[in-house]
Amino acid sequence: MNSDQIELAYWVTLSQVDGIGPANFARLLKIYKSAQKVWEEKNLEKLKLDVKTLENFKNLRNQIDPVENLKNLKKQEIKVVGLFEENYPENLKQIFDPPPFIYYRGNLKPADRLSLAVVGSRKMTSYGRSVTEEMVYGAVQAGLTVVSGMARGVDSVAHTSAIEAGGRTIAFMGSGINQIYPPDNKNLYYKIIQKGAVLCEYPPEYPALPGNFPSRNRLISGFSLGVLITEAARDSGSLITANSAIEQGREVFCVPGSISSPLSEGPNE
């Protein structure tokens, strides 16, 4: 490995310390200029981490060799792109809290900058399915990459419709890249890899915890130029994605529906 690859290995492994999120990561790199120097710090009090995170750091440092860790990821066909690299998704670089790293399978392309996120209810109606298919087909014909979260319902239909229309699609996971969630989307997961990429900010074996998904939603909107909500209840997680889009200066589009349908309350509002 050359010096850049070695530094990349330390970046990746440091980001896998539970408790070192984007804010801590950025702070440490601003001070030390190098992830390797952070990793090799002998006076751990200088890191100014809370007790639990510091314990996680010490445990991981005793268990993992960063260079071997990166080699192991490559053996699993897991790619990693860091915020400091040129091929890090351009739209994500612009948000307030971009993840230091993105793990992914598949391929990212410069053309993915022209992306539209399509999200909505897990409990979809026939109307929701119909308009999602129609809108995604139009997006693909316009040359847009379709982004979603690989959840049941609207997300799954968005990915599937993009693939069937001959387009590219990107899925952001709320778990590690090796933890396919929901499990019944395993076949879709591999289809997306062939026609785009699946991405996440968590280490490969990280479980799909409830708290992961609001954080995941900011990446769906941040990766895209706009967010389209085709069908969603008033308390849907899709509205979290919409709010993230607004905060990030992205466009938000909503498909209106029947005033008597609970699953149109979100877009109508």
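## A walk through the model

With 269 residues, a compact globule would be expected to have a radius of gyration near 18 Å, and the protein chain comes in at 19 Å, which agrees. Keep in mind as you click around that this is a predicted model.

**Start with the whole chain.** Show it as a cartoon and you should be able to pick out twelve helices and eight strands. Turn it along its principal axes: the C-alpha trace spans about 65 × 35 × 30 Å. Now colour by burial. Buried residues account for 54% of the 269 in the protein chain. How much of the contact map is long-range? Taking contacts with a separation of 6 or more, 71% are between residues 24 or more positions apart.

**Switch to the surface.** The protein chain has an accessible surface of about 13000 Å², and carbon and sulfur atoms own 51% of that. Then colour by charge: you'll have 30 positive and 29 negative side chains on screen, with the centres of the two sets 4 Å apart.

**Next, show the aromatic side chains.** How many aromatic pairs does a search of the whole structure find? It finds eight. Select Phe 25 and Phe 101 for a good look at one pair. Their ring centres are 6.3 Å apart and the planes meet at 85°, so this pair is edge-to-face. It also ties together distant parts of the chain: Phe 25 belongs to helix α2 (residues 22-32) and Phe 101 to strand β2 (residues 101-106), 76 residues apart. Are these two rings buried or exposed? Phe 25 has 3% relative accessibility, so it counts as buried, the cut-off being under 20%. Phe 101, at 1%, counts as buried too.

**Now jump to Trp 39 and Phe 57.** Here is another edge-to-face aromatic pair, with 5.6 Å from centre to centre and 70° between the planes. Again the pair links distant parts of the chain: Trp 39 sits in helix α3 (residues 35-39), Phe 57 in helix α4 (residues 51-63), and their positions lie 18 residues apart in the count. Check the accessibility of each ring's residue: Trp 39 is buried at 5%, and Phe 57 is buried at 0%.

**Go back to Phe 25 and Phe 101, and add Trp 11.** With Trp 11 selected as well, you're looking at one aromatic cluster made of Trp 11, Phe 25 and Phe 101.

**Stay with helix α4 for a moment.** Select Asn 56, which lies in that helix. What is its exposure? With a relative accessible area of 23%, Asn 56 is partly exposed; the buried class stops under 20%, so Asn 56 falls outside it. Leaving aside residues up to four places away in sequence, Asn 56 touches Val 17 and Asp 18.

**Last stop: Ser 121.** Draw a C-alpha to C-alpha distance from Asn 56 to Ser 121 and you should read 36 Å, for two residues 65 apart in sequence. Where is Ser 121 found? Look in the loop between β3 (115-120) and α7 (126-141). Despite the loop address, Ser 121 counts as buried, at 7% relative accessibility. To see what surrounds Ser 121, show its contacts, again not counting residues up to four places away in sequence:

- Arg 152, Gly 153 and Val 154 are among the residues Ser 121 touches.
- Glu 231, Ala 232 and Ser 238 are also among them.
- Leu 263 is another one of its contacts.

Notes. Residues numbered from 1 in each chain as written. Predicted model: local features only at pLDDT ≥ 70, side-chain atom pairs only at ≥ 80, totals over all residues. Heavy atoms only, no water. Helix = DSSP H or I, 4+ residues; strand = E, 2+ residues; numbered from the N terminus. Rg over C-alpha atoms; globule rule 2.2 N^0.38 Å. Buried < 20%, exposed > 50% of the residue type's maximum accessible area, 1.4 Å probe, protein only. Contact = heavy atoms within 4.5 Å. Areas by Shrake-Rupley, 256 points an atom, 1.4 Å probe, with all protein chains shown as cover. Lys, Arg positive; Asp, Glu negative; His and termini not counted. Charge placed at Lys NZ, Arg CZ, Asp CG, Glu CD. Phe/Tyr/Trp six-rings, centres within 6.5 Å; stacked < 30°, edge-to-face > 60°.
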